[in-house]
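Reader: Hi! I'm new to this one, could you walk me through it?
Author: Happy to, let's have a look together.

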Amino acid sequence: MNTTFATILEIVGTLAFAISGIRLAAAKRFDWFGAYAVGLVTAIGGGTTRDVLLNATPFWMINGSYLTVTAVALIFVIIFKQYLVKLENTFFIFDTIGLALFVVVGVEKTLMFGFPFWVAIVMGTITGSVGSIIRDILINEEPLLFRKDIYALACVAGGIMFYLGQKMGFNSITNQSICGISVVAVRLLAVKFHWSLPALKDENDNNPPLK
């Protein structure tokens, strides 16, 4: 993947994920520094985990613009806080955009390092979802990944579509677009039609599962 284009994807994904994290921190009444920290780990957590597993220097340590982008996200939320907190779908929108872009970057970067495609799909899922796990832990929420919401499976679906596109001979831009659109489509369809995986319950447990 073109290095400049990859950087653009990561920056836009960072902005989207940072806004989603800071928006939740604002709803929890975090102070500015706390909100910035939540936004930052949401944005770089998945990519950092991916790069460590790939034995590469974490992307944000090479290019400090990601820290600046998170600051821009903080200023954006501060200015438009009253609108963002009231609109429940703003979190979903920014989170889904960040998720889709980071899955694309994770898959591409893993393939660039010479790993097989199944590893790329796993790394794409890690890139898109680990930041949200850290975010939810910091704001004392049950991680979105472990709820009934379709989240990680959307990442897997995007990675599989990328693989199929590559097998069919599509060019890089087309594959990236298919991958990102697939992630967004799966999440939107899951919400619209209330798709979810069945909850794993102990047969001896009479208590309802946590929502």
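**Helix α7 and the salt bridges**

Author: The residues of α7 that are buried (under 20% relative accessible area, with exposed over 50% and partly exposed in between, using a 1.4 Å probe and protein chains only) are Ala154, Cys155, Gly158, Gly159, Phe162 and Gly165. Seen down the axis of α7, these buried residues fall within an arc of 140 degrees, so they line one face of the helix; the arc is that of the directions from the helix axis to the C-beta atoms.

Reader: Where do the numbers and the model come from?
Author: This is a predicted model, where local features need pLDDT of at least 70 and side-chain atom pairs count only at pLDDT 80 or more, while totals for chains, interfaces and linings use all residues. Residues are numbered from 1 along each chain as its sequence is written, and side-chain values use heavy atoms, with hydrogens and water left out. Helices (H or I, at least four residues) and strands (E, at least two) are DSSP runs, numbered from the N terminus.

Reader: Thanks! What do the buried residues of α7 pack against?
Author: They pack against α5, α6 and α8, where contact means heavy atoms within 4.5 Å.

Reader: And how many residues does α7 have?
Author: α7 has 16 residues and spans 23 Å from its first C-alpha to its last, close to the expected 22 Å. That expected span is 1.5 Å times one less than the number of residues. Just after α7, Gly169 has a positive phi of about 85 degrees.

Reader: New topic: how many salt bridges are there?
Author: A search of the whole structure finds seven, a salt bridge being a side-chain nitrogen of Lys or Arg within 4 Å of a carboxyl oxygen of Asp or Glu. Lys28 pairs with Glu141, for example, with the closest N and O atoms 2.9 Å apart. This pair links distant parts of the chain, 113 residues apart.

Reader: Which residue does Asp95 bridge to?
Author: Asp95 forms a salt bridge with Arg187, at 3.1 Å between the closest N and O atoms. Asp95 lies in α5 and Arg187 in α8 (residues 172-192), so the pair ties together parts that are 92 residues apart in sequence.

Reader: Is Asp95 buried or exposed?
Author: Asp95 is buried, at 0% relative accessibility, and Arg187 is buried too, at 2%.

Reader: Which residues do shared partners join into one network?
Author: Those are Glu10, Arg50, Asp51 and Lys109. Within that group, Lys109 and Asp51 meet at 3.0 Å, N to O, and both are buried.
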